[in-house]
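These are my notebook entries on one protein chain. I recorded what I looked up, entry by entry.

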Amino acid sequence: MSEASHIRILRDAIGEAARQVTGAEDIRVELTPPASADHGDLATPVAMTLAKAARRNPREIAGEIADRLREREDVIDVEVAGPGFINLRLSPRWFADSVADVVAAGEAYGADGAVPAERILLEYVSPNPTGPLHVGHARQAAYGDALGRILEFVGHTVTREAYVNDYGRQMEVFGAAVAAAYAELIGDEPVPPEDGYSGAYIAEVAARLHQEAGDRYRGQVSPPTGDTLDWFATRGGALMLADIQAVLERARVRIDSYFSETTLHREGLVQKGVEALVQGGHAVEREGALWFRSSEFGDEKDRVLVRANGVTTYLAADVAYHANKADRGVDRLIDVLGADHHGYIARLKALLAATGHDPEMLEVMIQQLVSLQERGESKRMSKRAGTLVTMEELLDDIGVDALRFFLVDRSHDTALDLDLDLAREQSQENPVYYVQYAHARCVNILAKAAAAADVADPVTPPGDLDPSERELVTTLLAWPAAVAEAAARRSPHRVAAYLRDLARDLHAFYHRCRVVGEAPEVQVFRVALTTATRDVLKGGLALLAVTAPDRM
RNA sequence: GCGCGCGUAGCUCAGUGGAUAGAGCGUUGGCCUCCGGAGCCAAAGGUCGAAGGUUCGAAUCCUUCCGCGCGUGCCA
């Protein structure tokens with residue numbers, strides 16, 4: 001059930017009235033809470049949207065539509081305002097029916113609204129198993145996972161995948177660094193690689209490998225070569241990847257499959273992909289290297305696939321990987337990448353076009369940089385200075401709920417300043433607790449009302465509604481549109497923003513209206529309203545993988 | 001230089017053609033015999049970076065300019 005049925009009936013009625021007045025077909029009726037509550041319960045700008053095609057004054061059209069709506073029982077007042085808005089005030093009966101709709105829909109409320117439903121392959125995080133996940137990965141993970149949940153909720157079929165960059169020189173350097181730490185451990189001469197990896201985690205990996213292999217590699221690691229180097233790189237990488245997966249799991253990030261870059265090379269798919277490009281005339285040799293002619297497909301310039309020394313580039317593997325993904329029978333590919341990869345978009349689209357796919361099937365969602373703020377100051381992060389904050393440290397510091405909420409509370413294309421003091425705060429200032437508290441408050445009220453509450457009964461309309469009740473109901477009715485918008489725009493932050501709005505309306509309602517101990521018809525209505533709010537809060541938080549505690 | 005992103009309240013940010021531009025934090029002032037005050041109510045605070053243009057209507061679309069970030073490797 002994507003929309004409560006009584007608001008749909010109303011929307012259809014407005015559409016029909018507009019059709020009668022203007023003759024237009026297929027009218028999309030936007031029906032939202034107005035900017036100010038004293039404009040009514042719901043408002044629509046439909047007359048203004050139709051004015052141009054109808055070549056008529058929007059206020060005139062609005063007036064005629066309004067006349068038709070006035071006859072309806074559920075509408076107690078209609079007025080035309082401003083440039084042509086139609087403002088509606090709805091009956092208590094309509095409010096009661098609408099709340100009952102939401103309660104009846106339960107978990108399905110707002111779900112399955114996507115048209116058409118697509119099969120989507122969503123790639124995010126994509127770690128290098130040469131080091132721990134950092135803050136940037138955390139943002140990609142929180143965004144990607146929330147987006148996946150939202151897309152599924154509105155009816156798409158989603159496969160979540162992470163591409164593991166476990167191939168190439170970086171793995172060798174990593175292996176050499178681990179081997180050097182191992183050498184130090186067993187008293188051999190350590191030969192750390194230049195520009196190598198450092199940090200305590202390298203020593204940890206070395207220690208775990210020492211437990212596994214003992215002193216077997218004594219005399220072979222100063223420096224390691226061949227199979228020995230390969231062993232340190234591969235085994236070390238496997239340990240790192242396991243750690244990475246554990247951190248993601250702890251952060252409630254779901255990934256269906258980890259796709260190994262090495263596999264692509266081992267199975268000859270990279271080679272095959274490159275050859276296909278050559279045969280298609282999309283790759284040419286120049287100055288000893290093999291170039292992908294991506295500029296033919298809108299990229300700024302051509303890109304190297306195979307270097308003069310015969311080694312393939314990262315892009316060559318991506319040809320194979322993206323062609324592979326595009327061939328899996330999906331309608332859409334979504335890549336979540338960091339800000340430093342935005343130059344990559346044109347390349348990826350070009351390689352899809354060159355391999356005979358529609359480049360439009362790929363969407364690349366770029367995540368802007370994250371910086372951490374503490375005591376009013378930005379914490380500078382640098383890999384070299386060793387001040388990089390890992391995702392695991394962040395989880396230890398502020399917890400899963402705060403991390404998940406804060407990282408998706410802002411649009412993905414704006415740089416994010418994560419205020420650690422605020423995130424740690426277990427108080428009113430913290431938006432996570434604000435929303436969670438609203439949920440706990442609903443649960444508490446319902447527990448108190450439990451004896452009297454029978455929401456299965458038809459919800460009876462109260463004599464009149466408090467303004468805070470009207471606002472809470474119209475906000476609840478806006479949920480399907482909000483989550484559909486979040487999905488369509490790939491914008492999980494809209495869900496977070498919606499939940500804050502809903503929590504605010506709930507708190508305001510709580511302070512103005514008592515639920516327990518009121519006249520029976522009032523109590524029944526308010527119990528239903530509280531139930532609906534609880535369910536939407538819980539469902540919305542679940543889309544962000546944030547818990548909805550019953551008590552705090 | 002070129003490409004992409006961003007410039008909105010003191011700070012962090014919502015708002016991709018509709019009404020008097022919003023929220024959180026911060027500031028100021030109110031509200032606990034009452035379902036949890038982790039809350040509520042109110043006030044102050046804005047030339048939406050600048051200038052043109054399109055439109056009945058522009059923070060939103062177009063053009064130019066200014067500022068910030070990132071990219072612009074035979075790195076990944």
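**Entry 1: Histidine 156**

I began with the contacts of histidine 156 and, leaving out residues up to four places away in sequence, I found that it touches Ala114, Pro116, Ala117, Glu118, Ile120 and Leu151. I note here that the model is a predicted one. Histidine 156 sits in the loop that runs from helix H5 (135-153) to strand S5 (157-164). Is histidine 156 buried or exposed? Its relative accessibility is 10%, and because buried means under 20%, histidine 156 counts as buried. I also looked up a polar partner: a polar atom of the histidine 156 side chain lies 2.9 Å from the backbone nitrogen of glutamate 118.

**Entry 2: Threonine 157**

I then moved to threonine 157, which belongs to strand S5. I recorded a relative accessibility of 49% for threonine 157, which counts as partly exposed. Setting aside neighbours within four places in sequence, I listed Glu118, Arg119 and Ile120 as the contacts of threonine 157. Glu118 and Ile120 also appear in my list for histidine 156. I looked up one distance as well: the C-alpha atoms of threonine 157 and valine 21 are 40 Å apart, with their positions 136 residues apart along the chain.

**Entry 3: The whole chain**

I next turned to chain A as a whole. How many helices and strands does chain A have? I found 19 helices and 14 strands. Chain A has 552 residues, and 51% of them are buried. The C-alpha trace spans about 90 × 55 × 40 Å along its principal axes. Chain A exposes about 25,100 Å², of which carbon and sulfur atoms supply 48%. Among contacts with a separation of 6 or more, 72% join residues 24 or more positions apart. Chain A is divided into domain 1 (5-90), domain 2 (169-250) and domain 3 (431-543). The centres of domain 1 and domain 2, taken over C-alpha atoms, are separated by 68 Å.

**Entry 4: Nonpolar cores**

Which residues touch the most other members of the largest nonpolar core? That core has 120 residues, and I noted Ile65 and Leu88 as the answer. Helix H13 (residues 391-408) gives the most to this core, with eleven residues. Apart from this core lies another of 33 residues, among them Leu121, Ala283, Leu305 and Val330. I listed the contacts of leucine 88, not counting residues up to four places away in sequence; they include Leu10, Ile14, Leu31, Asp41 and Val78.

**Entry 5: Aspartate 41**

I followed the contact of leucine 88 to aspartate 41. Aspartate 41 lies in the loop between helix H1 (5-22) and strand S1 (42-44). Its relative accessible area is 4%, and I recorded aspartate 41 as buried. A polar atom of the aspartate 41 side chain is 2.9 Å from the backbone nitrogen of leucine 90. Beyond four places in sequence, the residues that aspartate 41 touches include Pro33, Leu88, Phe95, Arg470 and Thr474.

**Entry 6: Asparagine 57**

I looked up asparagine 57 in the loop between helix H2 (46-54) and helix H3 (58-70). Asparagine 57 has a relative accessible area of 43% and is partly exposed. The asparagine 57 side chain reaches the backbone nitrogen of arginine 59 at 2.8 Å. The C-alpha atoms of asparagine 57 and glutamate 189 are separated by 87 Å.

**Entry 7: Helices H10 and H12**

Which residues of helix H10 (residues 269-279) are buried? I found Val270, Gly273, Val274 and Leu277. Viewed down the axis of H10, these buried residues fall within an arc of 95 degrees, so they line one face of the helix. An α-helix has 3.6 residues a turn, so residues three or four places apart point the same way. Lys272 and Gln279 are exposed on the face of H10 turned away from the buried side. The cover over the buried residues of H10 includes helix H9 (261-266), strand S7 (283-286), helix H11 (314-326) and helix H12 (345-354).

I then read the pairing from the side of H12. The buried residues of H12 are Arg347, Leu348, Ala350, Leu351, Leu352 and Ala354. They pack against several elements, including H10, H11, strand S10 (332-338) and strand S11 (362-367). Glycine 281 follows H10 and has a positive phi near 80 degrees. Glycine 356 follows H12 and has a positive phi near 85 degrees.

Key
Residues numbered from 1 in each chain as written. Chains lettered and ligands numbered in written order. Predicted model: local features only at pLDDT ≥ 70, side-chain atom pairs only at ≥ 80, totals over all residues. Heavy atoms only, no water. Helix = DSSP H or I, 4+ residues; strand = E, 2+ residues; numbered from the N terminus. Buried < 20%, exposed > 50% of the residue type's maximum accessible area, 1.4 Å probe, protein only. Polar contact = N/O pair within 3.5 Å; in protein donor to acceptor, adjacent residues only side chain to side chain. Contact = heavy atoms within 4.5 Å. Domains from an automatic or database assignment. Core = buried A, V, L, I, M, F, W, Y, C linked by side-chain atoms within 4.5 Å. Areas by Shrake-Rupley, 256 points an atom, 1.4 Å probe, with all protein chains shown as cover. Arc of directions from axis to C-beta.
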